[in-house]
Amino acid sequence: MGLHSTNGTFAIKDSAGNLKSFTIYVQGGRALPTPKTVTSVDISPGQRFDVLTTLPTTSGTWYPQVTYKRLRDNSPYATVYGKITF
């Protein structure tokens, strides 16, 4: 994932709106010395992250989302959702 010309926050939520954890392995094209498990990550213009998550064994739906924020004051102005059904 990556953004350009705006700040943002990436997160994954389940159908009940609960944040789900994911692990960041690569930041800016470089492997992290130790992977970090988080529930959200702030992204600035030009940053890139490689993330992995483990899906549960039961069926369901998760919604990856990016909340875009204004560069001037970091206030949110739009959220884009994806959908993972398993």
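**Two salt bridges and a well-covered strand**

In this predicted model, the side chains of Asp14 and Lys20 come together in a salt bridge, with 3.9 Å from N to O. Side chains of opposite charge can pair when their charged atoms come close. Let's look at each partner in turn. Asp14 has a relative accessibility of 16%, and because buried means under 20%, Asp14 counts as buried. Lys20 has a relative accessibility of 24%, so this residue counts as partly exposed.

Now find the strands that hold these two residues. Strand β1 covers residues 7-14, and strand β2 covers residues 19-20. The two strands run antiparallel and are joined by two bridges. Within this pairing, Ile12 has Lys20 as its bridge partner in β2. Lys20 therefore appears twice in our story: its side chain meets Asp14 in the salt bridge, and it is also the bridge partner of Ile12. Follow the chain from β1 to β2 and you will pass through a hairpin with four residues between the strands. Gly17 sits in the turn, where its phi is positive, at about 90 degrees.

What other strands does β1 pair with? One is strand β7, made of residues 61-69, which runs antiparallel to β1 and is joined to it by eight bridges. Here Ile12 turns up again, this time with Pro64 as its bridge partner in β7. Another is strand β5, residues 40-43, which pairs with β1 in the antiparallel sense over four bridges. In that pairing, Ala11 has Ser40 as its bridge partner.

Is β1 largely enclosed or largely open? Seven of its eight residues are buried, so the strand is largely enclosed by the rest of the structure.

How many salt bridges does the structure hold? There are two. Besides the pair of Asp14 and Lys20, the side chains of Lys69 and Asp42 meet in a salt bridge, at 3.8 Å from N to O. This pair links distant parts of the chain, since Lys69 lies in strand β7 and Asp42 in strand β5, 27 residues apart. You have already met both of these strands as partners of β1: β7 through eight bridges and β5 through four.

Finally, compare how open the two residues of this second pair are. Lys69 is buried, with a relative accessible area of 16%. Asp42 has a relative accessibility of 52%, and because exposed means over 50%, Asp42 counts as exposed.

Note on methods. Residues are numbered from 1 along each chain as its sequence is written. This is a predicted model: local features need pLDDT of at least 70, side-chain atom pairs count only at pLDDT 80 or more; totals for chains, interfaces and linings use all residues. Side-chain values use heavy atoms; hydrogens and water are left out. Buried means under 20% relative accessible area, exposed over 50%, partly exposed in between (1.4 Å probe, protein chains only). Two strands pair if DSSP finds at least two bridges between them. A salt bridge is a side-chain nitrogen of Lys or Arg within 4 Å of a carboxyl oxygen of Asp or Glu.
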